[in-house]
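Me: Please take a close look at one part of this model, the nonpolar core, and set it in the context of the chain and its pockets.

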Amino acid sequence: MNAVNDKRRNENTDYLFQIILSLKDLDECYQFFDDLCTISELKDMSQRIQVARMLDEKKVYSEIVSVTGASTATISRVNRCLLYGSDGYRMALDRMKELSNEK
C-alpha cells in the first residue's frame with residue numbers, strides 16, 4: 001500500500017468499502033449508489049471510468065472529449081492516474097477484460 005492510501009485509510013472509509021464489497025449484483029449497486037451519491041457524482045465517476053477505458057484503448061483526447069463530454073483536465077488527471085497512480089484503474093480495467101473474456 002502506498003503513502004497516499006495510508007493517508008486516506010480510516011475506519012469510516014474501510015466500512016464504506018466493506019459495504020460496497022458486500023453488494024451482490026448490479027441492481028443492489030444501483031440501489032446503494034442511488035442513495036449514496038447525487039446524480040452528478042455518479043455521472044462523474046462513471047465518466048472517469050469511461051475515460052480510463054478509452055485511454056487504455058489508446059483513443060486520442062479529442063475522441064474522448066467527443067464521446068464522453070469530459071474536459072481535457074479530467075482526461076489528463078485520469079491519464080496521470082493510469083501512468084503514475086495507485087494502479088486502481090489498471091486493476092479494475094484488467095479485471096473487466098478478464099471477466100469479458102470468460103463469457
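Reply: Contact here means heavy atoms within 4.5 Å. The model is a predicted one. With neighbours within four places in sequence left aside, L55 is in contact with Y61, I64, I75, V78, N79 and L82. L55 belongs to the largest nonpolar core, which has 11 residues in all. The other members are V51, A52, M54, I64, A70, I75, V78, L82, Y89 and L93. At least two residues of this core come from each of α4, α6 and α7, and α4 gives the most, with four residues. As a general point, nonpolar side chains in soluble globular proteins tend to be buried together.

The core sits in a chain whose secondary structure comes to seven helices and zero strands. Buried residues account for 17% of the 103 residues in the protein chain. Of the contacts between residues at least 6 apart in sequence, 32% join residues at least 24 apart. The C-alpha atoms fill a box of roughly 40 × 35 × 30 Å along the principal axes.

The helices that supply the core also take part in the pockets. The largest pocket has a volume of about 2,400 Å³. It is lined by 42 residues, of which F17, I49, G88, Y89 and A92 are the closest to its centre; Y89 is also a member of the core. Helices that each supply at least two residues of this lining are α1 (3-8), α2 (11-22), α3 (26-36), α4 (39-56), α6 (72-84) and α7 (88-102). By residue class, the lining of the largest pocket divides into 25 nonpolar, nine polar and eight charged residues.

The second largest pocket has a volume of about 180 Å³. Its lining consists of R53, D56, E57, L93, M96, K97, L99, S100 and K103, and L93 is a core residue as well. Both α4 and α7 give two or more residues to the lining of the second largest pocket, with α7 giving the most, five residues. This lining divides into three nonpolar, one polar and five charged residues.

Two loops that adjoin these helices hold residues with an uncommon backbone angle. In general, most residues other than glycine have a negative phi. K58, in the loop between α4 and α5 (61-68), has a positive phi near 65 degrees. K58 is exposed, with a relative accessible area of 70%. D87, in the loop between α6 and α7, likewise has a positive phi, near 70 degrees. D87 is partly exposed, at a relative accessible area of 43%.

Finally, the cysteines add no covalent cross-link to this picture, as the structure holds zero disulfides. The sulfur of C29 is too far for a bond, because the closest cysteine sulfur, in C37, is 11 Å away, whereas a disulfide needs two cysteine sulfur atoms within 2.5 Å. C81 is also in no disulfide, the nearest cysteine sulfur being that of C37, 18 Å away. C29 counts as partly exposed at 26% relative accessibility, and C81 counts as partly exposed at 24%.

Note on methods
Residues are numbered from 1 along each chain as its sequence is written. This is a predicted model: local features need pLDDT of at least 70, side-chain atom pairs count only at pLDDT 80 or more; totals for chains, interfaces and linings use all residues. Side-chain values use heavy atoms; hydrogens and water are left out. Buried means under 20% relative accessible area, exposed over 50%, partly exposed in between (1.4 Å probe, protein chains only). On a 1 Å grid over the protein atoms alone, a cavity is a set of points where a 1.4 Å probe fits but cannot get out, and a pocket is an open set with protein on both sides within 12 Å along at least five of seven lines; lining residues have an atom within 4 Å of a point. Grid points are joined across faces, edges and corners, and a volume is the space filled by probe spheres set on the points. Ala, Val, Leu, Ile, Met, Phe, Trp, Tyr, Cys and Pro count as nonpolar, Asp, Glu, Lys and Arg as charged, and the others, Gly among them, as polar. A nonpolar core is a set of buried Ala, Val, Leu, Ile, Met, Phe, Trp, Tyr and Cys residues joined through side-chain atoms within 4.5 Å.
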